[in-house]
Every structure is written in structure tokens, then in C-alpha cells.
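Reader: Before I take over any of the terms in your annotation, I would like to see how each one is justified. Could you take me through them one by one?

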Amino acid sequence: MSTGFTSLHPRRAAGAAVVATGVLALVAACGGNSGATSPASSMGTTAAGHGSAAATVDMRSGPLGRYLTDASGRSVYLFTADQPNKSNCSTSCLAIWQPFLTTGVPKAGSGVKASMLGTTKATDGKLMVTYKGQPLYFYSSDSAPGQTAGQGKTTFGGHWYLIAPSGSAITGGASSGHGSPSTGSSSTSNPGSSNSWA
């Protein structure tokens with residue numbers, strides 16, 4: 001009987017050795033996996049860093065002359081009710097006239113003077129682009145590059161104009177009114193170029 005026990009014992013020992021080898025292989029595999037998380041975390045850092053790109057101010061030519069745009073060619077405007085480096089467009093105004101936002105120092109495209117570029121805080125606290133001290137905005141009804149439906153609008157207590165590369169307001173060629181209804185407080189007592197930027 002003891003002989004039978006002795007003959008079974010080596011088999012059990014061999015089985016235990018196989019199980020132990022399997023466990024060691026599994027532990028080694030897990031150890032290899034932990035090293036693979038490092039590229040994933042570095043990829044996350046790279047993705048987070050991607051949002052740090054600054055806005056580019058560019059220039060476009062059209063029937064109204066040469067005027068400032070963003071990098072995609074979308075027109076930007078100044079608001080005559082603003083003060084230098086201070087936006088006065090808030091709440092419902094921001095829904096129609098969206099600030100030209102940036103996450104860093106804005107860059108100058110072709111024909112744009114880098115020395116005139118700057119930033120200021122929008123009324124909602126976000127960083128927006130300025131040109132010659134003028135906060136810049138997009139008009140919500142300009143849905144494609146080259147559209148200038150906001151030109152000459154009188155809403156929210158001031159006028160809205162395209163900006164020449166010199167930093168002056170382009171006061172000619174007022175919008176025919178298509179695009180979006182005038183909203184907010186309108187000022188019609190001083191038509192034309194009653195802005196402090198021209």
C-alpha cells in the first residue's frame with residue numbers, strides 16, 4: 001500500500017510543478033502589461049497639450065477691401081461700444097456676436113501686423129483676441145468664409161464693422177440686413193461711422 005502511495009506522489013509533484021510554472025508565467029505576463037501603460041499615459045499628455053494652439057488672425061480681400069478673418073477665412077468684427085482692450089458684449093450679445101477666442105498668444109497670418117495682436121478677457125472670462133486694442137468677434141449668421149452679413153449692423157448699443165489690416169474700422173458697405181434680426185439695444189442716433197476705432 002505504501003508502494004502505491006509512493007508511486008502516486010511523483011505524479012502529484014509533477015502536476016504541482018506544472019501549476020506553479022503556469023502561475024509564474026501569468027505573473028510575468030501581468031508584469032509586462034504594467035509597462036505598457038506608460039505610452040498610453042504619455043499619449044494622454046500629448047492630447048491634452050494639443051489644445052494649447054493659439055488662434056491665427058488672417059486677411060481676406062473682397063468687395064469691401066482687405067479685412068481681418070480667422071485662419072479659415074471667417075470674418076471678424078469690432079464693436080464700437082467696446083473700450084480699448086475691454087469687451088462690452090455680454091449675455092444675449094455673446095449669443096449673436098461670439099468672441100474670437102484663443103488659448104495662447106495669437107499669431108499673425110499674411111498681411112496682418114503681429115505687433116497689433118493681443119488678448120483681453122471676454123465678459124464671460126474667456127481669453128479673446130484683440131487687434132490694435134479692439135476685441136474681435138464673429139457674427140453668428142456668417143456661416144462660411146467670405147460672408148460679411150454682420151457689416152454695419154447696429155445692435156447692443158453700438159455698430160459692428162469689419163477691420164482693415166491697419167486696425168481701422170471699414171465703415172462702408174453696410175449689411176443689407178440679411179442673416180439675423182437686430183437684437184438688443186439699438187443705437188440709431190449716430191448712423192455711419194460713429195466709432196472710436198476709425
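Author: A nonpolar core is a set of buried Ala, Val, Leu, Ile, Met, Phe, Trp, Tyr and Cys residues joined through side-chain atoms within 4.5 Å, where buried means under 20% relative accessible area, exposed over 50% and partly exposed in between, with a 1.4 Å probe and protein chains only. The model is a predicted one, in which local features need pLDDT of at least 70 and side-chain atom pairs count only at pLDDT 80 or more, while totals for chains, interfaces and linings use all residues. Residues are numbered from 1 along each chain as its sequence is written, and side-chain values use heavy atoms, with hydrogens and water left out.

Reader: Which residues touch the most other members of the largest nonpolar core, and which elements give two or more residues to this core?

Author: That core has 18 residues, and Cys89, Trp97, Tyr137 and Trp160 are the ones that touch the most other members. The elements that give it two or more residues are β3 (77-79), α3 (92-96), β9 (137-139) and β11 (158-163); here helices (H or I, at least four residues) and strands (E, at least two) are DSSP runs, numbered from the N terminus. α3 gives the most, with three residues. Apart from this core lies another, of 16 residues, including Val57, Val76, Phe100 and Tyr161. As a general background, nonpolar side chains tend to be buried together in soluble globular proteins.

Reader: What makes the pair of Phe79 and Trp160 stacked?

Author: Rings of Phe, Tyr and Trp (its six-membered ring) pair if their centres lie within 6.5 Å, and planes under 30 degrees apart count as stacked, over 60 as edge-to-face and the rest as tilted. For Phe79 and Trp160 the centres are 4.0 Å apart and the planes make 5°, so this pair is stacked. Phe79 lies in strand β3 and Trp160 in strand β11, so the pair ties together parts that are 81 residues apart in sequence. Both rings belong to buried residues, since Phe79 has a relative accessible area of 1% and Trp160 has one of 0%.

Reader: Why is the pair of Phe100 and Phe138 called tilted?

Author: The centres are 4.9 Å apart and the angle between the planes is 50°, which is neither under 30 nor over 60 degrees, so the pair of Phe100 and Phe138 is tilted. Phe100 sits in the loop between β4 (97-99) and β5, and Phe138 in strand β9, 38 residues apart. Phe100, at 5% relative accessibility, counts as buried, as does Phe138 at 8%. A search of the whole structure finds eight aromatic pairs, and one aromatic cluster is formed by Tyr77, Phe79, Trp97, Tyr137, Tyr139 and Trp160.

Reader: How do you know whether Asn85 is buried, partly exposed or exposed, and how does Thr91 count?

Author: Asn85 has a relative accessible area of 40%, which lies between 20% and 50%, so Asn85 is partly exposed. Thr91 is at 67%, over the 50% limit, and therefore counts as exposed. Asn85 is found in the loop between β3 and α3, and Thr91 lies in that loop as well. Neither residue is a glycine, yet Asn85 has a positive phi of about 60° and Thr91 a positive phi of about 40°.

Reader: What makes β1 and β5 paired strands?

Author: Two strands pair if DSSP finds at least two bridges between them, and two bridges join strand β1 (residues 56-62) to β5, the two running parallel. One of the bridge partners in β5 is Lys107, opposite Thr56.
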